[in-house]
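Here are my notes for your first look through this one. Keep the viewer open and follow the points in order.

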Amino acid sequence: MPRQYDEDEARRPILQPDTDTDEPTAVSGSLARLGRPSDDDELTEQLTGCAATACCNPSSFLHRFQALILMCLVGFGSYFCYDNPGALQDTFKSDLDLTTTQFVMLYSIYSWPNVILCFIGGFLMDRVFGIRLGTIIYMFILLIGQLIFAMGATINLFWLMIVGRFMFGIGAESLAVAQNSYAVLWFKGKELNMVFGLQLSFARVGSTVNFLVMVPIYKYVKSLGYQGHMCTGVVLLLATLTCVMSMICALILGWMDRRAARILKRNDSAPGGEVAKLSDVRTFKVSFWMVTVICVAYYVAIFPFIALGKVFFMRKFDFTSEDANTVNSIVYIIAAVASPVFGLIVDRTGRNVLWVFLSVLVTIVAHGMLAFSYLNPYIGMITMGLAYSMLASSLWPLVALIVPEYQLGTAYGICQSVQNLGLAVISMISGMIVDKGGYFMLEIFFIGWLIVSLLATIVIWMYDASNDGLLNMSPSARAIYASKTLQRMSGEPGRSGDMTDSQEQLDRDRRNKDPEAIRNRYVNRVLDGTPTPSDTEPLVDES
């Protein structure tokens, strides 16, 4: 059974050494903390029956791996259906009589609502819904949106298709915020980069399968006697089945997370009673805002290019429709395989900012090969896929190192919102550039945005180096940083024998409200590689 704490002991912050003496030293207390398991660790509870097995024990790797698979499958339907128009670009334009500008609008309308609603979705998940209910709500909105989109194509009403994509976008991007929050909740520590990579891998499997199967499905449906817009609508209705599968996974994952919270006695409330507020954005650091710039400047050179890439490969390299779809999906195929591998590499080597810098640089080279040469396009697309995988595995975990945990939903919401603003605007501009200037000018346009992304990475590197350098540390350096943080926090003065009760309370309040102290305790929890500290202890004093 967990050891019972007295009232004062239960209020100690997470980095304060857990010893039975009244006056521990900083070094001995930290070493004692790192050298033995906490008596209050949730793993000390004796589980029986199914809960004691590896498959059912929420603290076991196998059970967490099962949860990870569900987290990945939650996003499968979203990514599969997102690129349905891209896989059927030529048939969409012919069956539904769309111009390139109208076709691109199917992508831009997906992004426009999320300029605001994605940020609000993350905030609502932090403050109102919680991660479990929020995931189910956003998945339901996504499913309804895809159904409306398919019905609009079936009856050939373009405005109804736009409404469906609008709803689909609201659910899909907020769902991505929920996936990121789930990943941090279940996989704090050394596994986080790998988990983000594996999530991206499964998501891109959805996009890859879409590009590979949609044309054969279209041909099969057409062979059944369906023609024109009716054929396109039936194909989109069949694609909706992937969203139904993701909805089922979201329900199962919510049940698993609720069960894990109950068994592990996990405290899902914000540390020290802190709650996310809209005003929190004023406390976010320069490095976070540069991450959002990279989210825009880098991804606008990937997603709009893939959306328009099929016709590009057919025109420049004389590919057939099937071959153009195959090479266009190479980025997602590579990402499905390479993302978890790069995640493991980043987990072992650290230095996330360096990996982001290399990713952007290599992507510039890949776009350059496609724009200025007639080399086999598989070379450029494979290079782009490797760089894309490298960036996703190193960029998104940075947010968890910069922002406190109780603000993560809001922070990821901001990233998604700003990214969608960029995608909405750039997708429309890209369609206009293709109509008026061709694909060469489009590539020059994308390379310019990648240069912006490179400059933002340099700003992060310089800002981080001028502060604690945490974002670009190796794992060993981060372990030393965490150890020093432990010593500094445990050796903090202010608990002298002659201090009055009111003075002690004031001191606790001061530490509780100090943002830097909260951040240090959070960073230690996330980065400390030892398995001993308990996640049930609060990051701040509960006074």
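Which residues line the second largest cavity? I'll start there and then move on to pairs and loops.

1. The second largest cavity is lined by Tyr82, Val104, Tyr107, Phe303, Pro304, Ala307, Leu308, Ser427 and Ser430. A cavity here is a set of points, on a 1 Å grid over the protein atoms alone, where a 1.4 Å probe fits but cannot get out, and lining residues have an atom within 4 Å of a point. Bear in mind that this is a predicted model, where local features need pLDDT of at least 70 and side-chain atom pairs count only at pLDDT 80 or more, while totals for chains, interfaces and linings use all residues. Residues are numbered from 1 along each chain as its sequence is written, and side-chain values use heavy atoms, with hydrogens and water left out.

2. Who supplies that lining? Helix 6 (100-111), helix 13 (303-317) and helix 18 (408-437) each bring at least two residues, and helix 13 gives the most, with four. Helices are DSSP runs of H or I with at least four residues, numbered from the N terminus. By type, the lining has seven nonpolar residues, two polar and no charged. For that split, Ala, Val, Leu, Ile, Met, Phe, Trp, Tyr, Cys and Pro count as nonpolar, Asp, Glu, Lys and Arg as charged, and the others, Gly among them, as polar.

3. The space in this second largest cavity is about 50 Å³, and the structure holds three cavities of 30 Å³ or more. Volume means the space filled by probe spheres set on the grid points, which are joined across faces, edges and corners.

4. How many salt bridges are there? The count is one, and you'll find it between the side chains of Arg132 and Asp257, at 2.6 Å from N to O. Arg132 lies in helix 8 (residues 131-154) and Asp257 in helix 11 (residues 228-263), so this pair ties together parts that are 125 residues apart in sequence. The rule asks for a side-chain nitrogen of Lys or Arg within 4 Å of a carboxyl oxygen of Asp or Glu. Arg132 is partly exposed at 25% relative accessible area, whereas Asp257 is buried at 0%. Buried means under 20%, exposed over 50%, and partly exposed in between, with a 1.4 Å probe and protein chains only.

5. Don't go looking for disulfides: the search of the whole structure finds zero. Cys81 has its closest cysteine sulfur in Cys243, but at 3.5 Å that is too far for a bond, since a disulfide needs two cysteine sulfur atoms within 2.5 Å. Cys81 is buried at 0% relative accessible area, and Cys243 also counts as buried at 0%.

6. Have a look at Ser389 in helix 17 (residues 377-402). A polar atom of the Ser389 side chain lies 2.8 Å from the backbone oxygen of Gly385. Ser389 is buried, with 0% relative accessibility.

7. Finally, two loops. Most residues other than glycine have a negative phi. Asn156, which is not a glycine, has a positive phi of about 60 degrees; Asn156 sits in the loop between helix 8 and helix 9 (158-186) and is partly exposed at 36%. Arg351 also has a positive phi, near 55 degrees. The place to find Arg351 is the loop between helix 15 (330-349) and helix 16 (352-372), where Arg351 counts as partly exposed at 39%.

Definitions and conventions. A polar contact is a pair of N or O atoms within 3.5 Å; within protein, one must be able to donate a hydrogen and the other to accept it, and residues adjacent in sequence count only if both atoms are side-chain atoms. On a 1 Å grid over the protein atoms alone, a cavity is a set of points where a 1.4 Å probe fits but cannot get out, and a pocket is an open set with protein on both sides within 12 Å along at least five of seven lines; lining residues have an atom within 4 Å of a point.
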